[in-house]
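Have the sequence and the 3D view side by side while you read. The text goes from charged pairs to strands, then to a helix and the core.

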Amino acid sequence: MALRLGRPLARFNRTVTNPIQGQYAWLLPPWVVVCHRGRRTGRLYRTPVNAYRRGSTLAIVVLYGARSDWVRNVLAGGGQVVRAGRTYPLLEPRLVDPRVEPVPRAARLLGRLTHTVMVARLGSPRPGFGRGPVAGP
């Protein structure tokens, strides 16, 4: 059985923890900031998460389940990540079970908790970096 962290914890993280992590996540791997547009609103969102890179593949552990807004937004409309001060488009994002698909070791270990990891290829880095506004995906 997969562990899914509860919605109350997700709401707390969205309002308290994410703004704090957003101050450094764009600069310090394994943290990244996932930039995505809302499916209904079109609003730009920035979500700090842990992600692990192997070559041109990025694996993000999905702690709150596949129905998390950021996951649904990226799968529906694409997105980008800011990692180590560089902005990369996420290409061909998909959800995988880390027990079956090969993913970086750290993502596989954390993915055992939820059985869900988002995997995407990283596109070429785009000019500019940092916390400032990021063009939409």
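**Charged pairs, strands and core**

Aspartate 97 and arginine 99 form a salt bridge, with their closest N and O atoms 2.5 Å apart. The model is a predicted one. Aspartate 97 has a relative accessible area of 21% and is therefore partly exposed, since buried would require a value under 20%. Arginine 99, at 52%, counts as exposed, because the limit for that word is over 50%.

How many salt bridges does the structure hold? There are 4. Another of them joins glutamate 92 to arginine 121, where the closest N and O atoms are 3.2 Å apart. This pair links distant parts of the chain: glutamate 92 belongs to strand E5 (residues 86–96) and arginine 121 to strand E6 (residues 117–122), and 29 residues separate them. Glutamate 92 is exposed, with a relative accessible area of 55%, while arginine 121 is partly exposed at 38%.

A further salt bridge brings together the side chains of aspartate 69 and arginine 39, at 3.7 Å from N to O. Here too the pair links distant parts of the chain, 30 residues apart: aspartate 69 is in helix H2 (residues 69–77), and arginine 39 is in the loop between strand E1 (31–37) and strand E2 (44–54). Both residues are partly exposed, aspartate 69 with a relative accessible area of 35% and arginine 39 with 33%.

Next, follow the strands. E1 and E2 run antiparallel and are joined by 7 bridges. Within this pairing, cysteine 35 of E1 stands opposite arginine 46 in E2. The hairpin of E1 and E2 has 6 residues between the strands, and glycine 42 in this hairpin takes a positive phi near 75°. E2 also runs antiparallel to E3, with 4 bridges joining the two. Arginine 54 stands opposite threonine 57 in E3. In the hairpin of E2 and E3, 2 residues lie between the strands, and glycine 55 has a positive phi near 65°.

From E3 the pairing goes on to E6, in the antiparallel sense and over 5 bridges. Alanine 59 has valine 119 as its bridge partner in E6. E6 is in turn joined to E5 by 5 bridges, and these strands run antiparallel. Leucine 90 stands opposite leucine 122 in E6. Is E6 mostly covered or mostly open? It is mostly covered, as 5 of its 6 residues are buried.

Now turn to the helix. Which residues of H2 are buried? They are Trp70, Val71, Asn73 and Val74. Seen down the axis of H2, these buried residues fall within an arc of 165°, so they line one face of the helix. What covers them includes E1, E2, strand E3 (57–61), E5 and E6. After H2 comes glycine 78, with a positive phi near 80°.

The helix and the strands also share a core. The largest nonpolar core has 16 residues, and those touching the most other members are Val34, Leu58, Ile60, Trp70, Val81, Leu90 and Met118. At least two residues of this core come from each of E1, E2, E3, H2, E5 and E6. Leucine 58 shows how parts of the chain meet: beyond its neighbours within four places in sequence, its contacts include Val81, Leu90, Met118 and Leu122. A second core, separate from the largest one, has 8 residues, among them Tyr52, Val96, Ala107 and Val117.

The last stop is the segment after E6, where glycine 123 lies. Is glycine 123 buried or exposed? Glycine 123 is buried, because its relative accessible area of 13% is under the 20% limit. Not counting residues up to four places away in sequence, glycine 123 touches Tyr88, Pro89 and Leu91. Glutamate 92, described above as the salt-bridge partner of arginine 121, is 31 residues from glycine 123 in sequence, with the two C-alpha atoms 9.9 Å apart in space.

Terms used:
Residues numbered from 1 in each chain as written. Predicted model: local features only at pLDDT ≥ 70, side-chain atom pairs only at ≥ 80, totals over all residues. Heavy atoms only, no water. Buried < 20%, exposed > 50% of the residue type's maximum accessible area, 1.4 Å probe, protein only. Arc of directions from axis to C-beta. Contact = heavy atoms within 4.5 Å. Pairing = 2+ DSSP bridges. Core = buried A, V, L, I, M, F, W, Y, C linked by side-chain atoms within 4.5 Å.
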